[in-house]
Amino acid sequence: THPESLPTITIEEPTIKVTIGPNTSPFLGKEGKFCSSNQIKDRLIKEKEINLGLRIEQDENSSNFVVAGRGELHLSVLIENMRREGFEVEVSKPQVLYKTLDGVLSEPFEEVTIDVSSEFIGAITEEMSKRKAQLDSMTSERNDTTRFIYKISSQNLLGARNMLLTKTKGTIIMNTYSLGYFPKTSKMESIRNGVLISSESGTTLSFGLANAQERGTMFIGPGIPVYEGMIVGISSREHDIEINVCRAKQLTNNRSSGEGVAIQLTPPTEMSLEQALDFINDDELLEVTPKNVRMRKRYLSATQRRIMERKSN
């Protein structure tokens, strides 16, 4: 008998990348133990030794690192582990890795299998058609459920899981399978509204939040420290709105008919790490610390944001 080696296992190549770097917010170092670029670098190199599906490269223009993995979940597990270990990091919006195959620009595609109650067929069909997904099959299963199988680009699938969970009241069962690279297709139009941005640094107060909630849905409640440029909610309009959530009520000696009435605040919508990663836009960042996940604008001051807008236009 001659010993023969087993065939080598091929590891799927990464399809999604994010930029991970040291925290640059005004709250730097308040909640984490490891905040420097070198500490983050050592941790990522250690991860690479055991997590073979990851690809980690130093960003040429900054002290950040480009981390590529096989989907959002793969990357969010790494970020969640790092925050639990005491790291403070800043994460960019996930982006798809493109390839040129035989002279054609190609992008990763996935097969999505969705099992859902028949009452939500319309919601699934509407959301997946917005995302330019191709329906391969639709079958009725037992217990009044329907199974959809779609082919969709990874770019257009970003954020779909959370959106569909919301639309189906958390009852959806969704699985994805990588199909490989196919010629690049059109990207779906942005379907997210603008955000509510804190215009001041301080602690949120009920009076300021009551004014803010008239313009959208809040992500934070009263008594929460915020800084200028931090995202505190989603706007009911398409454009961003700057708002002072630290504003206190002006007290006077005169009493009016509405004086002393308790302010009614709607409970804030809290997002998980994965939901926040899906939510942010290209001009926004995610601040991840052991205690909090905060969304913020890349440029914190309103003046700087306007300057960058003019440059891009």
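Ala, Val, Leu, Ile, Met, Phe, Trp, Tyr, Cys and Pro count as nonpolar, while Asp, Glu, Lys and Arg count as charged, and the others, Gly among them, count as polar. Keep those three classes in mind, and let us start with the pocket where they come into play. Please also remember that what you are looking at is a predicted model.

The largest pocket has a volume of about 1,400 Å³. It is lined by 47 residues, and the ones closest to its centre are Arg 192, Asn 193, Phe 279, Ile 280 and Asn 281. Several elements give two or more residues to this lining: α4 (154–157), α5 (160–167), β16 (241–243), α7 (273–279) and α8 (302–312). Helix α8 provides the largest share, with 6 residues. Now apply the three classes from the opening: the lining of the largest pocket has 19 charged residues, 14 polar ones and 14 nonpolar ones.

Let us step back and look at the whole chain. The protein chain is built with 18 strands and 8 helices. Its C-alpha atoms fill a box of roughly 95 × 55 × 40 Å, taken along the principal axes. Of the 313 residues in the protein chain, 41% are buried. The fold also brings together residues from separate places in the sequence: among contacts with a separation of 6 or more, 74% are between residues 24 or more positions apart.

Salt bridges give you some pairs to find in the structure. Side chains of opposite charge can pair when their charged atoms come close. Searching the whole structure turns up 17 salt bridges. One of them joins the side chains of Glu 90 and Arg 296, with 2.9 Å from N to O. Here distant parts of the chain are linked, since Glu 90 sits in strand β4 (residues 89–91) and Arg 296 in strand β18 (residues 293–297), 206 residues apart. Are these two partners buried or exposed? A residue counts as buried when its relative accessible area is under 20%. Glu 90 has a value of 9%, so Glu 90 is buried. Arg 296 has a value of 3%, so Arg 296 is buried as well.

A second salt bridge is formed by the side chains of Asp 115 and Arg 147, at 2.8 Å from N to O. This pair also links distant parts of the chain, with Asp 115 in strand β7 (residues 104–117) and Arg 147 in strand β9 (residues 145–153), 32 residues apart. Asp 115 counts as buried because its relative accessibility is 16%. Arg 147, at 31% relative accessibility, counts as partly exposed.

A third example brings us back to two elements you met at the pocket. The side chains of Glu 242 and Arg 306 meet in a salt bridge, 3.5 Å from N to O. Because Glu 242 lies in strand β16 and Arg 306 in helix α8, the pair ties together parts that are 64 residues apart in sequence. Both ends are partly exposed: Glu 242 has a relative accessibility of 36%, and Arg 306 has one of 43%. Elsewhere, salt bridges that share partners join Asp 240, Asp 283, Glu 284 and Lys 297 into one network.

What about a charged residue in a loop? Arg 131 lies between α3 (121–130) and β8 (134–141). With a relative accessibility of 2%, Arg 131 counts as buried. Its side chain reaches the backbone oxygen of Leu 158 at 3.0 Å.

Now compare a nonpolar residue in another loop. Ile 224 lies between β13 (216–218) and β14 (225–226). Its relative accessible area is 32%, so Ile 224 is partly exposed. Which residues does Ile 224 contact, leaving aside its neighbours within four places in sequence? They are Gly 202, Thr 203 and Thr 204. You can also trace the step from Ile 224 to Val 245: these residues are 21 residues apart in sequence, and their C-alpha atoms are 9.9 Å apart in space.

Finish the tour at helix α6 (residues 206–213), where Gly 208, Leu 209, Ala 210 and Ala 212 are buried. What covers these buried residues? The cover includes β11 (195–198), β13 and β16.

Technical notes
Residues are numbered from 1 along each chain as its sequence is written. This is a predicted model: local features need pLDDT of at least 70, side-chain atom pairs count only at pLDDT 80 or more; totals for chains, interfaces and linings use all residues. Side-chain values use heavy atoms; hydrogens and water are left out. Helices (H or I, at least four residues) and strands (E, at least two) are DSSP runs, numbered from the N terminus. Buried means under 20% relative accessible area, exposed over 50%, partly exposed in between (1.4 Å probe, protein chains only). A polar contact is a pair of N or O atoms within 3.5 Å; within protein, one must be able to donate a hydrogen and the other to accept it, and residues adjacent in sequence count only if both atoms are side-chain atoms. On a 1 Å grid over the protein atoms alone, a cavity is a set of points where a 1.4 Å probe fits but cannot get out, and a pocket is an open set with protein on both sides within 12 Å along at least five of seven lines; lining residues have an atom within 4 Å of a point. Grid points are joined across faces, edges and corners, and a volume is the space filled by probe spheres set on the points. A salt bridge is a side-chain nitrogen of Lys or Arg within 4 Å of a carboxyl oxygen of Asp or Glu. Contact means heavy atoms within 4.5 Å.
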